[in-house]
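Subject: Handover of a structure

Dear colleague,

Please find below the structure that I am handing over to you. My notes on what was found in it follow directly after.

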Amino acid sequence: KTFMRTEIATLGEFGLIRHLTEGIELKNASTRYGIGDDAAVLSYPADREVLVTTDLLMEGVHFDLTYVPMKHLGYKSAVVNFSDIYAMNGTPRQITVSLGVSKRFSVEDMEALYAGICLACEDYGVDIVGGDTTSSYTGLTISITCIGDVERGKAVYRNGAKETDLICVSGDLGAAYMGLQLLEREKLAMKDSGGDIQPDFAGKEYLLERQLKPEARRDIIERLRQAGVQPTAMMDISDGLSSELLHICTQSKVGCRVYEEHIPLDYQTAVMAEELNMNVTTCALNGGEDYELLFTVPIADHEKVAAMEGVKLIGHITKPELGCALITRDGQEFELKAQGWNPLKEKQDEED
């Protein structure tokens with residue numbers, strides 16, 4: 001089977017952008033003018049506030065192309081930005097996409113990457129309105145900026161949690177991290193065998209999907225709106241539950257109690273943790289990349305959130321002097337520590 005390979009140089013930078021973005025149709029009224037000029041033109045109504053978030057993904061730090069297909073990478077790069085807008089209680093509307101590309105990559109690689117980005121934009125109703133490409137000497141770099149909006153006064157920050165608020169999470173935790181462990185394990189096995197062993201992912205499909213094709217929880221934001229629940233604080237879980245919870249508690253100047261038995265886990269996550277001899281709660285607390293929503297609500301909304309599909313109550317906010325703790329299944333109290341993913345810290349440890 002022969003693969004077409006077109007060198008990017010044959011199109012040039014502008015030719016590449018034109019090639020990747022032709023035929024993009026705009027979906028949002030706030031997008032006045034998209035790609036094709038010096039800048040995009042956006043216009044938001046006066047009763048909406050504008051949200052902006054940006055993310056930089058570096059090959060070798062945030063993703064490994066040995067096992068991440070280009071199309072999945074494009075999809076995920078877009079979705080993680082949408083997730084940040086939903087975490088502010090907003091709606092993503094536009095993105096810009098900037099790429100640093102080395103000679104290793106062909107036009108076909110970029111087409112696959114863009115196909116993933118466009119699919120995510122299609123699924124979530126977002127417009128691609130601009131971007132840039134440049135050559136890079138260090139592999140692939142992806143920078144995406146996402147612009148969204150929220151009804152004036154309805155944005156939810158990390159600093160609004162109050163004593164006695166309930167702590168909720170959507171979905172289940174730790175699966176994306178287990179998916180990453182699985183991919184890394186199979187990559188090593190293939191390397192050791194000189195490529196003779198085919199990876200075995202049977203029964204682990206959910207873990208792979210959570211790692212390679214995460215979704216942003218637009219559905220939860222819609223459910224909260226329909227139920228008339230305004231979270232007091234919210235963020236998405238990209239670096240692990242304990243680290244995100246500590247952000248909320250630090251910025252809100254409160255403490256918290258989280259109950260191990262209420263942390264939502266998928267069956268495949270538990271099985272995989274056992275296989276790798278890891279503690280499943282540690283994986284759920286520190287794994288990261290789940291892109292679930294972590295939010296606090298007033299205790300008066302207890303019944304509403306308890307009845308919500310896809311939402312679990314995992315604890316409550318306390319006075320600041322009580323600190324942040326995990327209550328284990330056997331009733332012991334452990335201080336929560338931010339052991340989530342921190343690439344800068346790992347480097348520091350190696351240098352020390």
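A residue is called buried here when its relative accessible area is under 20%. By that cut-off Tyr124 is buried, because its relative accessible area is 8%. Please bear in mind throughout that this is a predicted model.

**The aromatic residues**

I begin with the surroundings of Tyr124. The structure contains two aromatic pairs. In one of them, the ring centres of Phe82 and Tyr124 are 5.3 Å apart and the planes stand at 55°, so this pair is tilted. It joins distant parts of the chain: Phe82 belongs to helix α2 (residues 70–86) and Tyr124 to helix α3 (residues 107–124), with their positions 42 residues apart. Phe82 has a relative accessibility of 0% and therefore counts as buried.

The rings of Tyr86 and Tyr124 make a tilted pair too, since their centres are 6.3 Å apart and their planes are at 45°. Here again helix α2, which holds Tyr86, is linked with helix α3, which holds Tyr124; the two residues are 38 residues apart. Both Tyr86 and Tyr124 are buried. Taken together, Phe82, Tyr86 and Tyr124 make up one aromatic cluster.

A further ring deserves mention for another reason. Lys213 is placed over the face of Tyr75, 4.2 Å from the centre of the ring.

**The seven-stranded sheet**

Seven strands make an open sheet with mixed pairing, and their order is β8-β10-β7-β11-β9-β12-β13. Why do β8 (233–236) and β13 (333–335) each have one side without a neighbour in the sheet? Both stand at the edges and have a single partner strand, so one side of each is left free of a neighbour in the sheet. On average, neighbouring strands of this sheet are turned by 25° against each other, with direction ignored.

Within this sheet, strand β7 (residues 166–170) pairs with strand β10 (residues 293–297) in the antiparallel sense, over four bridges. Ile167 is found opposite Thr296 in β10. Helix α6 (residues 218–227) packs on the sheet and touches β7, β8, β10 and β11 (311–318). The direction of α6 makes about 15° with that of β10.

**The four-stranded sheet**

Another open sheet has four strands in the order β3-β6-β4-β5, and its pairing is mixed. Its edge strands, β3 (48–58) and β5 (127–135), each pair on one side only. For this sheet, the average turn between neighbouring strands is 15°, direction ignored. Strand β4 (residues 91–101) and β5 run in the parallel sense and share eight bridges. Thr96 stands opposite Gly130 in β5.

Thr141 is located in strand β6 (residues 141–151). With a relative accessibility of 15%, Thr141 counts as buried. Leaving out residues up to four places away in sequence, Thr141 touches Leu56, Leu57, Met58, Ser98, Leu99 and Gly100.

**Helices α1 and α5**

Which residues of helix α1 (residues 12–21) are buried? They are Gly15, Leu16, Ile17, Leu20 and Thr21. The buried residues of α1 pack against α3 and β5. Just after α1 comes Gly23, which has a positive phi of about 85°.

Helix α5 (residues 205–212) contains Leu208. The relative accessible area of Leu208 is 13%, and Leu208 is therefore buried. Apart from neighbours within four places in sequence, Leu208 is in contact with Gly179, Leu182, Leu183, Phe201 and Lys213. The C-alpha atoms of Leu208 and Ser77 are separated by 16 Å, and these residues are 131 residues apart along the chain.

**The cysteines**

How many disulfides does a search of the whole structure find? The search finds zero. Cys121 takes part in no disulfide, and the nearest cysteine sulfur, which belongs to Cys118, is 6.3 Å away. At 2% relative accessibility, Cys121 counts as buried. For Cys146, the closest cysteine sulfur is that of Cys121 at 8.1 Å, which is too far for a bond. Cys146 also counts as buried, at 0% relative accessibility.

With kind regards

Key:
Residues are numbered from 1 along each chain as its sequence is written. This is a predicted model: local features need pLDDT of at least 70, side-chain atom pairs count only at pLDDT 80 or more; totals for chains, interfaces and linings use all residues. Side-chain values use heavy atoms; hydrogens and water are left out. Two strands pair if DSSP finds at least two bridges between them. Axes are lines fitted to C-alpha atoms, for helices over the stretch in contact, and angles run from 0 to 180 degrees between N-to-C directions. Contact means heavy atoms within 4.5 Å. Rings of Phe, Tyr and Trp (its six-membered ring) pair if their centres lie within 6.5 Å; planes under 30 degrees apart count as stacked, over 60 as edge-to-face and the rest as tilted. Buried means under 20% relative accessible area, exposed over 50%, partly exposed in between (1.4 Å probe, protein chains only). A charge sits over a ring if NZ of Lys or CZ of Arg is within 6 Å of the ring centre and within 35 degrees of the ring normal. A disulfide is a pair of cysteine sulfur atoms within 2.5 Å.
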